[in-house]
Amino acid sequence: MPRAGAHPTRPARPARTRTGAGRAVRAATAVATALGVLALGGCGAAETGRSQQAGNGGNTVTLTVPSWVGAQANAAVAAYLLENELDYEVRTKQLGEVLAWDALSKGDVDAILEDWGHPKEEKRYVEEKKTVVSGGDLGVTGHIGWYVPKYFADAHPDVTDWKNLDRYAKDFATAESGGKGQILEGSPDYVTHDDAIIKNLGLDLKTTYAGSEAAQITAIRKYAEEKKPFLTYWWTPQWLNAQVDLVEVKLPAYEEGCDAVPEKVACGYPETPLRKYLNADFAKNGGEAAEFLKNFTWTTEQQNEVALMIADRKLSPEAAAEKWVKDNEATWKAWLPK
């Protein structure tokens with residue numbers, strides 16, 4: 001490992017290429033490596049699966065990809081540039097938010113590129129165990145809240161104050177909400193205090209889960225097409241906001257510490273600068289890959305541009321990333337190691 005302040009050792013790799021040549025070289029290298037492992041008769045390093053990771057001087061980077069499309073956009077663009085500009089092989093793992101922190105601490109993944117705030121995990125892995133370090137801001141500010149469609153808010157302006165939500169519980173009720181007003185949720189894995197907020201504010205509401213971002217989007221679109229009232233947990237940035245006009249319901253204002261005890265939360269959600277986190281060994285020894293991921297930062301509009309191509313125009317993440325990279329060289333050039 002390099003001493004403090006020294007530049008990490010850069011992994012040995014072929015010259016940069018913007019074509020498929022880098023992949024061909026990596027494929028040949030992989031074959032040679034596999035033969036070498038066979039010749040060694042299965043030594044301990046080969047068994048760990050970590051000998052080829054960038055954090056250990058290899059040329060493979062593993063990124064965790066959350067289930068929402070904005071985070072997929074981050075990973076797609078980062079992976080495309082790591083592979084085509086810096087000649088790394090990139091692997092991705094879709095993991096739940098808490099599981100991703102565990103995997104990052106263990107070194108099973110090298111980086112989380114979009115974290116919405118996990119104080120418990122930050123304290124455990126960053127402050128106490130020191131197995132994870134901050135990779136800096138992503139450049140995007142996230143916000144979670146409760147939203148209703150604008151057409152319903154226009155007809156019932158007082159619905160945007162949480163104190164009046166019970167008046168409209170019957171309008172939001174569904175077969176799944178058991179006579180209470182439904183608040184539509186996405187994946188159970190997402191950061192949410194909604195059950196506690198409902199209980200502590202004494203609201204006649206019930207959370208029901210669509211199961212995923214995609215299923216939640218389908219439900220929102222269906223409600224919007226039929227001009228039906230609905231209340232939903234939602235967030236910004238999100239590409240769908242350009243297509244379905246939503247208005248936020250004002251919950252009690254967020255104050256520092258009001259969400260410290262999950263079961264006692266009775267406030268809204270904060271504005272959250274989204275952050276990146278790196279495995280500590282990878283941050284030290286990951287060479288140009290680690291340096292690139294620390295430099296990776298873009299705007300809400302840029303993330304939404306790629307997310308829209310993936311989710312709405314049905315491009316593959318790689319195709320969406322390639323198109324964005326070709327059109328935004330001035331932005332991503334600044335992310336490359338000097």
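A residue is called buried when its relative accessible area is under 20%, exposed when that area is over 50%, and partly exposed in between. These terms are used throughout for the structure shown, which is a predicted model.

The protein chain contains 14 helices and 9 strands. Of its 338 residues, 47% are buried. The accessible surface amounts to about 15900 Å², and carbon and sulfur atoms account for 54% of that area. Where contacts link residues at least 6 apart in sequence, 73% of them join residues at least 24 apart.

In soluble globular proteins, nonpolar side chains tend to be buried together. In this model the largest nonpolar core holds 82 residues, and the members that touch the most others are Val77, Trp146, Phe292, Leu293 and Trp298. Helix H3 gives the most to this core, contributing 10 residues. Another core lies apart from the largest one and has 9 residues, including Ala100, Val109, Tyr125 and Val132.

Helix H3 covers residues 69-84, and 16 residues at 1.5 Å each should give it a span of 22 Å. The C-alpha atoms at its ends are 22 Å apart, in agreement with that value. The helix is mostly covered, with 15 of its 16 residues buried. Phenylalanine 292, when its neighbours within four places in sequence are left aside, is in contact with Ala78, Leu81, Leu82, Leu86, Trp335, Leu336 and Pro337.

The salt bridges number 12. In one of them, arginine 275 pairs with aspartate 137, and the closest N and O atoms are 2.6 Å apart. This pair links distant parts of the chain, as arginine 275 belongs to strand S9 (residues 271-279) and aspartate 137 to strand S4 (residues 132-149), with their positions 138 residues apart in the numbering. Both side chains retain some access to the surface: arginine 275 is partly exposed at a relative accessible area of 28%, and aspartate 137 is partly exposed at 39%.

A further salt bridge joins lysine 326 and glutamate 322, where the closest N and O atoms are 3.3 Å apart. Both residues lie in helix H13 (residues 317-327), and because they are 4 residues apart, about one helical turn separates them. Lysine 326 has a relative accessibility of 61% and is therefore exposed, the cut-off being over 50%. Glutamate 322, at 30%, is partly exposed. Elsewhere, salt bridges with shared partners connect Lys222, Glu226 and Lys228 in one network. Within this network, glutamate 226 and lysine 228 meet through their side chains at 3.2 Å, N to O. Glutamate 226 has a relative accessible area of 39%, which places it in the partly exposed class. Lysine 228 is likewise partly exposed, at 40%.

The model has 1 disulfide. It joins cysteine 258 to cysteine 267, with an S to S distance of 2.0 Å. The torsion about the S-S bond is about 80°, so the disulfide is right-handed. Its two ends fall into separate classes of accessibility: cysteine 258 is partly exposed, with a relative accessible area of 23%, whereas cysteine 267 is buried, at 3%.

Some points of the backbone depart from the common pattern. Most residues other than glycine have a negative phi, and most peptide bonds are trans. The bond between threonine 236 and proline 237 is a cis peptide bond, with omega about 0°. Proline 237 is located in the loop between strand S7 (231-236) and strand S8 (246-249). Aspartate 87 is not glycine, yet its phi is positive, near 60°. Aspartate 87 sits in the loop that runs between H3 and strand S2 (89-93). Its relative accessibility is 0%, so aspartate 87 counts as buried. Lysine 314 also has a positive phi, near 65°, and is found in the loop between helix H12 (300-311) and H13. In contrast to the buried aspartate 87, lysine 314 is exposed, with a relative accessible area of 65%.

Methods. Residues numbered from 1 in each chain as written. Predicted model: local features only at pLDDT ≥ 70, side-chain atom pairs only at ≥ 80, totals over all residues. Heavy atoms only, no water. Helix = DSSP H or I, 4+ residues; strand = E, 2+ residues; numbered from the N terminus. Buried < 20%, exposed > 50% of the residue type's maximum accessible area, 1.4 Å probe, protein only. Contact = heavy atoms within 4.5 Å. Areas by Shrake-Rupley, 256 points an atom, 1.4 Å probe, with all protein chains shown as cover. Salt bridge = Lys/Arg side-chain N within 4 Å of Asp/Glu carboxyl O. Disulfide = S-S within 2.5 Å. Expected span 1.5 Å × (residues − 1). Core = buried A, V, L, I, M, F, W, Y, C linked by side-chain atoms within 4.5 Å.
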